[in-house]
Amino acid sequence: MNHFEENFQDYWFGQPLSPSLSPVFGAEKLWEMENDYSYLKYLYPGLCGKLRERAEEECDQLEYDGSLMFDTYPDKTSLQQIAHKIVKKCSQEDPDTFPMDNSHIREMAEIILYNEILFRRNRYRNRKRLYF
């Protein structure tokens, strides 16, 4: 049994947020997209995986209506500050692997953060459309 099968619950988003409302057409596509995205995140290399975990934690805190994450045009400086915070947390845990002065790691953290925000914005919009 591989790592993905053992930890499947870590990569499964589960049922819709409002089980009392019945979804209209397209729910299967959304679940398929979430499964694909979860599996591809599982395939990230070790360094990217640690940054991804921290980016998910930051996005979890930003996932509310009116958040910076759901703005039409999020402020780039604020997003860069969040990415810096991600690298700082990783650097505190493992300073040899995540040096604070490495611009490549900061840029990688930004890319991973933007990708996670893009996925969550898409999921947020699509889930709002699934229910009457």
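I took helices as DSSP runs of H or I, at least four residues long, numbered from the N terminus. On that basis I read the pattern α-α-α-α-α along the protein chain. The model is a predicted one.

Overall fold. I noted five helices and zero strands. Of the 132 residues, 35% count as buried. I looked up the exposed area of the protein chain and found about 8600 Å², with carbon and sulfur atoms supplying 53% of it. I then checked contacts between residues at least 6 apart in sequence: 73% of these join residues at least 24 apart.

Aromatic pairs. I found three of them in the count. I wrote down two.

Tyr39 and Tyr42. The ring centres are 5.9 Å apart and the planes stand at 35°, so I entered the pair as tilted. Both residues belong to helix H2 (residues 27-42); because they are three residues apart there, about one helical turn separates them. I looked up Tyr39 and got 38% relative accessibility, so Tyr39 went down as partly exposed.

Phe70 and Tyr124. I entered this aromatic pair as stacked, with 4.2 Å from centre to centre and 20° between the planes. The partners come from distant parts of the chain, 54 residues apart. I located Phe70 in the loop between helix H3 (46-62) and helix H4 (76-93), and Tyr124 in helix H5 (residues 103-130). Is Phe70 buried or exposed? Its relative accessibility is 17%, so I counted Phe70 as buried, the cut-off being under 20%. Tyr124 has 26% relative accessibility and therefore counts as partly exposed.

Technical notes:
Residues are numbered from 1 along each chain as its sequence is written. This is a predicted model: local features need pLDDT of at least 70, side-chain atom pairs count only at pLDDT 80 or more; totals for chains, interfaces and linings use all residues. Side-chain values use heavy atoms; hydrogens and water are left out. Helices (H or I, at least four residues) and strands (E, at least two) are DSSP runs, numbered from the N terminus. Buried means under 20% relative accessible area, exposed over 50%, partly exposed in between (1.4 Å probe, protein chains only). Contact means heavy atoms within 4.5 Å. Accessible areas come from the Shrake-Rupley method with a 1.4 Å probe; for residues, only the protein chains shown count as cover. Rings of Phe, Tyr and Trp (its six-membered ring) pair if their centres lie within 6.5 Å; planes under 30 degrees apart count as stacked, over 60 as edge-to-face and the rest as tilted.
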